[in-house]
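Here's a quick back-and-forth about a protein model. Have a look at it first, then we'll go through some questions.

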Amino acid sequence: MGKPTGFLDYERESSETVSPRQRIKNYCEFHAPLSREKQKLQGGRCMDCGVPFCQSGMLIGGMASGCPLNNLIPEWNDLLWMGNDEQAYLRLSKTNSFPEFTSRVCPAPCEAACTCNINGLPVSIKENEYAIIEAAFENGYIRPEPPTLRTGKRVAVVGSGPAGLACADRLNKRGHFVTVFEREDRVGGLLMYGIPNMKLEKRVIDRRVEWMKAEGVEFITGINIGVDRKASKLLKEYDSVVLACGASAPRDIKVSGREAKGIYFAVDFLKSTTRSLLNSGLSDGQYVSAKGKKVLVIGGGDTGNDCVGTAMRHGCASVMQLEIMPKPPVTRLPDNPWPEWPKILKTDYGQEEAAEVFGSDPRCYQTTVKEFLTDRAGNVKKAKLVKLEPQKDEKTGRVQMIPVEGSEYEIETDLVLIAAGFLGSEEYVTKAFGVEQDERRNVKTAQGGYETSVPSVFVAGDMRRGQSLVVWAIREGREAAQAVDKYLMGYTNL
């Protein structure tokens, strides 16, 4: 695969990134891809290693090692190296429904598991994937191909995030009539309103949706199933229903002063910005603005970083991001060997931007909020923070972060964004369909299965597994499509 000595002959080279001070002036993607010739050389760095962990998708230590989609990575790297773009796309599309999404937003567990990563720099798998899929769109290798034969079976997919789209795409290709219901005004779910435009420009989603429409998938927006239309009506009209509504119930924090004005869930902050950006370029003012504000972001994950990056583009006066856990090490520790997911310090785009503008990393580790203080009008004006220290529970063996007595201090803030994760599926949907939930509020299925406790009702994505990556949602959508197809036809050839 690739060039046998490519990883020795060629250095890893990545796309050029727009400088932080320049990119915060707009909401556009900020990576300039390599030339086709340079990208081919990156494909040539992929060697024919004996065990390609990059495509394994195994769980090691509770974390994904390699691609959850089991992408045929060495194969399409080799085809990219040889300049066979069309065959590279065909191999890529065998396992991945939407490479244009994953090549932009996936954290690349494939690269973390790359054999070259043992004592060097991994193959640039993510950027190679981007080059292949964008060449496919540019050169017309992707063409709408409606199924030549329809089964007559009708399937409703509730939710148009990555899991719902992947499931709908596969079922439509099988020949079933598929209708996707989306409660928002635009198709895309998490991809549209959960991920900021600078990470995934929305034209990329629209491009794929238009292609799916041309293949026969029907999309209905602005319909909230369980509110605007009864679940029972859907069950009567369709042979099967797939729930792909995500894990969209945000986790709150319960501290004194939480009811103050100026405190928002991160998802509402991000959604309002994207909607206003798409509707009017932010000129309508219909969004939660961080301009001139002292922003406090509670939560250190991807969503928290997206809040930091968005606040920087608004023109915030300052930003602090609270991380409950200790600061990770810069390099792997002995108990975190390859090919496990590296539990090391990673600085994302928003944090880079804040550090460039304000002179320091916005993250504050082992810290949480104890209390919010307000002015006379009820607006948040300060936050009382407390430091934390790890302590091991002798009974359970789990490490808990415990407040350090006397470590409290106050900071000024007039905009607080809660990015503390999600609590599972929203109950109004699960109650409407009468499906069972597990202890984490996810929809319950048999181990490795996708059928719920209600006959003909299936579930996929975050709604089944909890908050996770886009790449896992795509895998779940594809596998749920197989389960639905077998239920409808008695067998499946997906």
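**Fold, a helix and a buried acid**

Q: In this predicted model, what share of the contacts between residues at least 6 apart in sequence join residues at least 24 apart?
A: Let's leave out pairs under 6 apart and look at what remains in the chain. Of those contacts, the share joining residues at least 24 apart is 67%.

Q: What is the radius of gyration of the chain, and why does it agree with a compact globule?
A: The chain has 494 residues, so a compact globule would come out near 23 Å. The chain agrees with that, as its own radius of gyration is 23 Å.

Q: What span does helix 8 reach from its first C-alpha to its last?
A: Helix 8 runs over residues 125-139, which is 15 residues. At 1.5 Å a residue, 21 Å is expected. The helix comes close to that, reaching 21 Å.

Q: Which residue follows helix 8, and what is its phi?
A: Helix 8 takes in residues 125-139, and its buried residues include Ile132, Ile133 and Phe137. Among what covers those buried residues are helix 3 (36-44) and helix 11 (202-214). Just after helix 8 the phi turns up positive, near 80 degrees, and the residue is Gly140.

Q: Which side chain of opposite charge is nearest to Asp462, and how far away is it?
A: Asp462 sits in helix 17 (residues 462-465) and is buried without a salt bridge. A salt bridge needs the atoms within 4 Å. The nearest candidate is 5.7 Å away, and it is Arg465.

Q: Which backbone nitrogen does the side chain of Asp462 reach?
A: Asp462 touches Gly246, Ala247, Asn442, Gln467 and Ser468, leaving aside residues up to four places away in sequence. The side chain reaches a backbone nitrogen at 3.4 Å, that of Ser468.

Conventions:
Residues numbered from 1 in each chain as written. Predicted model: local features only at pLDDT ≥ 70, side-chain atom pairs only at ≥ 80, totals over all residues. Heavy atoms only, no water. Helix = DSSP H or I, 4+ residues; strand = E, 2+ residues; numbered from the N terminus. Expected span 1.5 Å × (residues − 1). Buried < 20%, exposed > 50% of the residue type's maximum accessible area, 1.4 Å probe, protein only. Contact = heavy atoms within 4.5 Å. Lys, Arg positive; Asp, Glu negative; His and termini not counted. Polar contact = N/O pair within 3.5 Å; in protein donor to acceptor, adjacent residues only side chain to side chain. Rg over C-alpha atoms; globule rule 2.2 N^0.38 Å.
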